[in-house]
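Here is a note for a colleague who is opening this structure for the first time. The points below may be read in order, with the model at hand.

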Amino acid sequence: MSLVNVCVIDQIAVLEINSPPVNALSAALRQDMIDAFSQVQSDEQIKAIALHCLGSTFICGADIREFDGEPIAPHLPQVIHLIEQSKTPVIALLHGHVLGGGLEVAAACHYRLALENTNIGLPEVGLGVVPGAGGCQRMMRLAGVENAVKLATSGRPVKVTHPDYSGVCDALFAPSDDLFENGLSWINSQLEKQALTPKTTGLNSVDEVPVDWASLKKTVARAAKSNPVPGQLLEQLANEYQLPTLEAEQNTRELFLELRQSVVAKALRHAFFVEKKMQAGRSKNAFRIEQTAVIGAGTMGSAIALCLADAGFEVVLLEQSQEALDRGMGRIKDEYAKSLAKGRINQQQHDARIALISASCDYQSLAQTDLVIEAAFESLEVKQSIFSKLDEVCKAGAILATNTSYLDIDVIAQSTTRPESVLGLHFFSPANIMKLLEIVKADKTSDEALEQMQQLAKKLRKQAVTVGVCFGFAANRIYTRYGREVQQMLLEGAGIEQIDTAMREFGMAMGPLSVQDLSGIDIGHNARSQYPQPEYDKGYFKVSAALVEAGRLGRKTGSGFYNYSAQQPTIDQQVVDIIANLSKELNIESKLFDAQTIQQRAILAMICEAVKVIDEGIVSEKDAIDLIWLHGYGFPRAKGGPMFLAQQWGVEQLQAQMSELRDSQGEKIWPPLDLAKYLA
Ligand code: COA
């Protein structure tokens, strides 16, 4: 059966694409489009061709799954040229997402009509490739050179109503209008006026307008982080934008073909599909969470309340004292005021979201709550006492979640008579910004409660991963192992700035020691001191412990690994001495490090702990690890995640490197692992 249904209504041929879920341009669809266009273009009775998609969206782009293999004919430029050169005017009816190849098809059509809430975009750079079918060139002609370059190099879609892109569409309809009916009547009215012509966007020349390439370059460099593709695309467009369309299109296509098999493109595709996969399989039961509550109005609790209100949930924010509540509500209001000032939300959204949050010091106000998220002080006794109170006041079926980072949720659940309703919801700081959410399954947590939380995660626009109970769960446990390796390298002679620079150059959003200073060195220190320290690891977080002892807790005390009294952080001799004394005490010889060694050791430590976490069943699969690192700790997306990287390095290389570290640090720290089992 063809993916393109053809029907004729009066003098208009309607080509209706039906390739669920998102009308991606698979080889089969490209072929069916060619067949359908060829069929109607030769019919002289037909005065216009309308291109329309069934389902929730117009064509959302190339079928990304095809990028792993060789390009399959017919290729998209063939479809595009057939449309563009059609003697019968072609009108695209746009709704949903008009992305990548979808926008390239739309731009090649002679007219575009859209619902006002339609998104248009060229997201290819986010997948490590560039628009390969003239999208940049045609958008330059429809929206101006700078706007087209911004669209393609940022990869970020915009609404079709965005003033910079007002030249893209010939008519817009209200989101509630029937696109098909309105589109056909627009076409009919133009036919009556004999106003439709096959005007080709792509074949016009670009007007000589001044383009500020230098500032575009700066913007791209700032935003692209470890992804080199936006920069490559910008350079090509800057050099070639005044070439004839077809020549420039061909050159960009060559870049596309070269990039699609690159490691960066593979890593970005991996990240895309990991996110989709981890979101799949939800919604077996109806979602039943309406009223929510957060206990604790500190930094984390307030941010979680923001997150819930952003998604439209009513939230009761509960604290022990009115003073603490006022501080929390103040934080929330400040955050919303900032969002309003920056134009992220309008006044109406601002007021509505604040109105969703109410403050209370009374546990009785939680009686009708469907979900309580406890974000109180990180102490088992405190949490046990809160959960036993919740058990008394909350209605049957309410889900009782703790945001603990390290504590044993099985023990917390025992302080209630309903352990099946108790689980962990581990947000990452700042909770209203970081995308990762660990849903922690305790021993007795019911599947229904877990499934509700997976649905909640989607509503909160979080990337959720379900994990089991252990110290630090999956994310913090692996992060701790990374932190441990960094501290060990400090003791072996690597410099503080050297480590941070090396990891930033690798692509991490921040250096690990700057992160510790930002979050507070005492936080991890206090969590670790509740557990016995590993005897076999003599240097285990000794540097952090010494800094805490010296009152250097990080930015909040003006000094930690760095000193923050000047505009730029500096290194104090005191810290250098602390580290040197510890190395001496522990008999650790100093050696020279280079950036590559630091990066490799840090990543190997992540991989080592990740494999143990998978092996113990804390997470169900290795892709969960990549999701955690991409969305919880700023791992460079263009590198795919630690497990993707592990696969690139290969089992043999990993075994050799780990075995070298095992020889110097011992089997307990670098145990022999069946890497092949997890990296095949
Ligand atoms: N190629 C292949 N499969 C795709 C795809 C594409 N371009 N875009 C989406 N899909 C698949 C998803 O993997 C998912 O599959 P699953 O149901 O098996 O998990 C399914 O389509 C639905 O996608 P989902 O993202 O869950 O739907 P959504 O409604 O939330 O979002 C889009 C729709 C189009 C906004 C989003 O899927 C998207 O951004 N896709 C990528 C677009 C793109 O980058 N195009 C340019 C390619 S070069």
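**Notes on loops, domains, cores and packing**

1. A place to begin is Gln194, which is found in the loop between helix H6 (179-192) and helix H7 (213-224). In this predicted model, phi of Gln194 is near 55°, a positive value in a residue other than glycine. Gln194 counts as exposed, because its relative accessibility is 72% and the cut-off for exposed is over 50%.

2. Asn23 makes a useful companion to that residue, since its phi is likewise given as near 55°, positive although the residue is not glycine. Asn23 lies in the loop between E2 and H1, and with a relative accessibility of 1% it counts as buried, the limit for that word being under 20%.

3. The loop between strand E2 (12-17) and helix H1 (27-41) also holds Pro21, and the peptide bond that joins Pro20 and Pro21 is cis, with omega at about 5°. A cis peptide bond is found from Ser429 to Pro430 as well, with omega near -10°; Pro430 is placed in the loop between strand E15 (422-427) and strand E16 (436-441).

4. As for the overall division, the domain assignment of the protein gives domain 1 (4-261), domain 2 (291-473) and domain 3, the last made up of 476-617 + 650-679. Between the C-alpha centres of domain 1 and domain 2 the distance is 43 Å.

5. Where does the largest nonpolar core lie with respect to domain 2 and domain 3? This core has 96 residues, and those with the most contacts inside it are Leu366, Leu390, Tyr482, Phe561, Ile625, Trp629 and Phe635. Helix H23 (residues 595-615) gives the most to the core, with 12 residues. Because domain 2 (291-473) and domain 3 (476-617 + 650-679) both give residues to it, the core lies between them. Apart from it lies another core, of 73 residues, which includes Ile34, Ile49, Val125 and Val229.

6. Trp629 deserves a look of its own: leaving aside its neighbours within four places in sequence, this residue is in contact with Ile478, Tyr479, Tyr482, Met508, Met606, Gly634, Phe635 and Pro642. Trp629 also takes part in a helix pair, for helix H17 (residues 475-491) and helix H24 (residues 622-632) pack at an angle of about 70°, with their axes 10 Å apart, which makes H17 roughly perpendicular to H24. On the H17 side the contact is made by Ala475, Ile478, Tyr479 and Tyr482, and on the H24 side by Ile625, Ile628 and Trp629.

7. Turning to the strands, the reader will find an open sheet of 8 strands with mixed pairing, in the order E12-E11-E10-E13-E14-E15-E16-E17. Strand E12 (357-360) and strand E17 (463-468) stand at the edges, and each has a single partner strand, so one side of each is left without a neighbour in the sheet. From one strand to the next the twist averages 25°.

8. Two details may help in tracing this sheet. E16 and E17 run parallel and are joined by 6 bridges, and Glu438 stands opposite Val465 in E17. At the other edge, helix H12 (residues 322-341) lies across strand E11 (314-318) and E12, and runs at about 165° to E12.

Technical notes. Residues numbered from 1 in each chain as written. Predicted model: local features only at pLDDT ≥ 70, side-chain atom pairs only at ≥ 80, totals over all residues. Heavy atoms only, no water. Domains from an automatic or database assignment. Core = buried A, V, L, I, M, F, W, Y, C linked by side-chain atoms within 4.5 Å. Buried < 20%, exposed > 50% of the residue type's maximum accessible area, 1.4 Å probe, protein only. Helix = DSSP H or I, 4+ residues; strand = E, 2+ residues; numbered from the N terminus. Contact = heavy atoms within 4.5 Å. Pairing = 2+ DSSP bridges. Axes fitted to C-alpha atoms, helices over the stretch in contact; angles between N-to-C directions. Parallel < 35°, antiparallel > 145°, perpendicular 65-115°, else oblique.
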